[in-house]
Amino acid sequence: RKKTRSRIQGKTKTKTIPKPHYIDATSDVEVGKDADEEGDDSMSEEGIPCDEDQVLDIIALEEINYQEEETDFDTGELGAIKFSLQHDPIEKMLNIKVFSGHKLKPMDVGGTSDPYVKCTLIPGHSKATKLKTSRKECDLNPVFNEKLTYHGIFDSDINTKLVKLAVLDYDRMTKNDMIGVTTVPLAGLIPQQQHFYREILKGEQEETHESSAVCDRGRIQLSLHYQANKRTQK
């Protein structure tokens with residue numbers, strides 16, 4: 001991580017810029033981590049002097065570089081989705097940045113789809129756990145670049161919950177069609193660090209089975225007792 005200094009109200013404070021963490025689900029390889037990261041002492045402890053705007057510019061540049069990565073990658077039968085997750089324990093927020101979809105499966109008769117992304121925290125059943133992006137008309141490679149934020153996210157939520165991203169095709173007259181889903185455990189998130197993902201979409205039944213195996217929803221203990229009815233003698 002780079003340490004930078006910014007001046008706020010005449011005082012100097014040290015600000016840590018999180019190094020982006022890239023996860024490529026198509027190859028199970030983490031991109032953006034240096035192999036000799038721990039032994040690299042070439043950077044000065046004093047860091048690079050910059051102000052708050054420069055910090056934001058660096059983060060924005062990392063997002064642009066991620067979006068402009070090669071698009072010719074394995075997307076499976078249903079397509080793939082690019083997004084990032086960031087947990088802010090101070091503000092108790094979970095930020096989800098939905099970047100784009102790639103080679104989505106066409107669901108409409110005309111060979112296209114009107115996709116949007118719906119995010120859900122699991123477990124959780126209230127409407128507050130469901131957020132969605134805008135809809136893109138007739139686009140199998142939609143670019144969203146939208147930020148969705150969950151508030152009131154504590155460390156206990158990070159350790160126990162998953163985030164589910166479902167890509168759906170909007171239909172005006174009938175029920176919206178499910179294109180594909182992916183789920184990510186929140187337990188691996190490093191506070192204040194933006195984690196980038198490129199996930200291949202899976203069928204809803206397949207993904208539900210896998211997420212149930214990862215997410216422990218609790219246990220119930222019970223007992224059963226069967227007693228046959230006794231006939232009464234007259």
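Reader: In what sense do β6 and β7 pair, and over how many bridges?

Author: Strands are DSSP runs of E of at least two residues, numbered from the N terminus, and two of them pair if DSSP finds at least two bridges between them. Within this pairing, Lys82 stands opposite Ser100 in β7. β6 and β7 pair in the antiparallel sense, over nine bridges.

Reader: What kind of model is this, and how are its residues numbered?

Author: It is a predicted model, in which local features need pLDDT of at least 70 and side-chain atom pairs count only at pLDDT 80 or more, while totals for chains, interfaces and linings use all residues. Side-chain values use heavy atoms, with hydrogens and water left out, and residues are numbered along each chain as its sequence is written, from 1.

Reader: Which residue in the turn between β6 and β7 has a positive phi?

Author: Most residues other than glycine have a negative phi. β6 and β7 form a hairpin with four residues between them. The turn residue with a positive phi, about 55 degrees, is Lys92.

Reader: Which residue in β10 is the bridge partner of Asn95?

Author: β7 also pairs with β10, in the antiparallel sense and over seven bridges. In β10, the partner of Asn95 is Thr149.

Reader: How many residues of β7 are buried?

Author: Buried means under 20% relative accessible area, exposed means over 50%, and partly exposed lies in between, with a 1.4 Å probe and protein chains only. β7 is mostly covered. The buried residues of this strand number 10 of 10.

Reader: Which residues have the most contacts inside the largest nonpolar core?

Author: A nonpolar core is a set of buried Ala, Val, Leu, Ile, Met, Phe, Trp, Tyr and Cys residues joined through side-chain atoms within 4.5 Å. The largest one has 25 residues, and β6, β7, β8, β10, β11 and β12 each supply at least two of them. Leu165 touches residues including Phe83, Ile96 and Val117, where contact means heavy atoms within 4.5 Å. Those with the most contacts inside the core are Leu85, Ile96 and Leu165.

Reader: How many aromatic pairs are there?

Author: Rings of Phe, Tyr and Trp (its six-membered ring) pair if their centres lie within 6.5 Å; planes under 30 degrees apart count as stacked, over 60 as edge-to-face and the rest as tilted. By this rule the count is two.

Reader: How far apart along the chain are Phe83 and Tyr197?

Author: Phe83 and Tyr197 form a stacked pair, 5.2 Å centre to centre with 10 degrees between the planes. The pair links distant parts of the chain, Phe83 being in β6 and Tyr197 in β13. Their separation is 114 residues.

Reader: Why does Tyr197 count as buried?

Author: Its partner Phe83 counts as buried because its relative accessibility is 0%. Tyr197 counts as buried because its relative accessibility is 6%.

Reader: Why is the pair of Phe99 and Phe196 stacked?

Author: Phe99 is buried, as is Phe196. The ring centres of Phe99 and Phe196 are 5.9 Å apart, and the pair is stacked because the planes stand at 10 degrees.

Reader: Over which ring does the charged end of Arg135 sit?

Author: A charge sits over a ring if NZ of Lys or CZ of Arg is within 6 Å of the ring centre and within 35 degrees of the ring normal. The charged end of Lys132 sits over the ring of Tyr116, 5.8 Å from its centre. For Arg135, at 3.9 Å from the centre, the ring is that of Tyr170.

Notes. Lists of a residue's contacts leave out its neighbours within four places in sequence.
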